[in-house]
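Please open the structure in your viewer and keep the selection tool at hand. This tour proceeds stop by stop, stating at each one what to select and what is found there.

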Amino acid sequence: MVADHAPHTDDDARVERARLAALARYDVLDDEPLGSLDRVARLAARLLDAPIATVTLVDDDRIWFKAGHGSRRLTHTGREPGLAASAIGQDEPYVVRDALNDPRTARHPLVTGDPGVRFYAAAPITTLDGHRLGTVDVYDTCPRDIGARELEALSDLAGVVIDELELRLSALTTVRAERSRRQASDRTRATMEGFAATLQRTLLPPSLPNVPGLELACHYHAASPQNVTGDFYDVFSLGDGRWAFFLGDVSGHGASAASVTSLTRYTLRAAALHHTDPAAALAELNTALLIDPHVRQQCTVLFGLLRTTPEGGFDITLASGGHPPALKLGPGPGVVEPICPDGGMLAGAFPDAEFATCRTYLRPGQTLLLYTDGLTEARPGGKFFGEDGLADFCADRGEAGAVRLIGELTALIGGFRPPPADDVALLALHAPHTASGGEPPA
């Protein structure tokens, strides 16, 4: 049923040896499940409406089940035959829509016996250097189809697994380094700073996308080089000329806050594919934070959807989860308008939390600024900078554009004495002037 997975050529053998070495460096091949990955399995089952979901890692001769939902708890099984062992041979998600009539799976024990699998989909868990370690899998007992958005959500969850493994590896590496270098305090401090900086970079997009007709800029100011906090932002395409963006702040510091930040970012990305209402995406995030018994953090967040208009501006729908308002600047000097829906509660605090939305139009010449409260709660000269201080600073920069505005805010923050006690994340969206005049549509 499943092809022999032993390497057939010298090149195959070298690739497999490199893959197994990459798997070994994470030090997770044992009989203990990884509780931090259970939420990934639960999210996979819910997002794809499947009764069973697992997170697996494929070793030389065994498949390890590191998390599961809706099935009896197994620690490992033989690699031959194995659905996950076949799936890691693919760069893209592996899909079996009718397992009983698919030659790849028709004689598999999970198909012919209990639990009678008829549908299977898996996304490879791929390291940053391209090694496929295992899969995030969903199973169903009846044949079914699956769309591109569901496959993208499954791939996003596989990305969450890699983030979790990298976080665990970074923590293990840091602890081991600290034990061996306890006498060298300066080197230990440098190691911790490098760990925090590397970990922080994994929680933020490496760059912002090119959105036609929109100028984007961002900045992240770390309050401490030795600690990681939970500020985050992202901008990504939803197809059909639609884009999503968000910025927020997870409570707390350190690896636990970083882990929740990773979960938050990928949950919002996946939820945006299924919901046209950003408040529904925040409700999805609220559920994901609450169902995990190991998560104690809440977060504030602004989540927006935007679409280009023929006039050169952008229709924006913005949802709030207890976050400070965005600021809309311009056109022209002296114009600063807070943009935030009435209401909107913290995500991850209450099961019945409500999230509000509002609509706004970003006309050519205007800029929308999102920020975290590390900026407004800073105390330069011993006085709170505050929302009024930020509005006054922005009032003279109504048409500065995203890049210049973020550059001047970065310089401002760098000159604060004392510096901000909390991290600061900034995201600006600017609609440049067009010949059409940029009036909002009727």
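The tour begins with the whole chain, then visits a sheet, two helices that pack on it, and finally another helix.

**The whole protein**

Display the entire chain first, and bear in mind that this is a predicted model. The protein contains eleven helices and 16 strands. Of its 442 residues, 52% count as buried. Colour the surface next: the protein exposes about 19000 Å², of which carbon and sulfur atoms supply 51%. Among contacts with a separation of 6 or more, 68% join residues that lie 24 or more positions apart.

**The six-stranded sheet**

Select strands β1 to β6, which form an open sheet in the order β3-β2-β1-β6-β5-β4, with antiparallel pairing. Which strands lie at the edges? They are β3, residues 76-78, and β4, residues 94-96, each of which pairs on one side only. On average, neighbouring strands of this sheet are turned by 25° against each other, direction ignored.

As general background, the strands of a sheet pair through backbone hydrogen bonds, either parallel or antiparallel. For an example, select β2, residues 62-69, together with β3: the two strands pair in the antiparallel sense over three bridges. Label Arg 62 and look for its bridge partner in β3, which is Gly 78.

**Two helices on the sheet**

Now add helix α2, residues 38-47, which packs on the sheet and touches β1, β2 and β6. The direction of α2 makes about 70° with that of β2. Add helix α5, residues 148-180, as well; this helix also packs on the sheet, where it touches β1, β4, β5 and β6. The direction of α5 makes about 40° with that of β5.

Hide the strands and keep the two helices. How are α2 and α5 oriented towards each other? They pack at an angle of about 175°, with their axes 10 Å apart. An angle over 145 degrees counts as roughly antiparallel, and α2 and α5 are therefore roughly antiparallel to each other.

Show the side chains where the helices meet. From α2 come Arg 39, Val 40, Leu 43, Ala 44 and Leu 47, and from α5 come Ala 153, Leu 154, Leu 157, Val 160, Val 161 and Glu 164. The residues of this contact divide into nine nonpolar, no polar and two charged.

**Helix α10**

Finally, select helix α10, residues 386-395. Its buried residues are Gly 386, Gly 389, Leu 390, Phe 393, Cys 394 and Ala 395. What covers these buried residues? The cover includes strands β12, β13 and β15, together with helices α9 and α11.

Note on methods: Residues numbered from 1 in each chain as written. Predicted model: local features only at pLDDT ≥ 70, side-chain atom pairs only at ≥ 80, totals over all residues. Heavy atoms only, no water. Pairing = 2+ DSSP bridges. Helix = DSSP H or I, 4+ residues; strand = E, 2+ residues; numbered from the N terminus. Axes fitted to C-alpha atoms, helices over the stretch in contact; angles between N-to-C directions. Contact = heavy atoms within 4.5 Å. Buried < 20%, exposed > 50% of the residue type's maximum accessible area, 1.4 Å probe, protein only. Areas by Shrake-Rupley, 256 points an atom, 1.4 Å probe, with all protein chains shown as cover. Parallel < 35°, antiparallel > 145°, perpendicular 65-115°, else oblique. Nonpolar A, V, L, I, M, F, W, Y, C, P; charged D, E, K, R; others polar.
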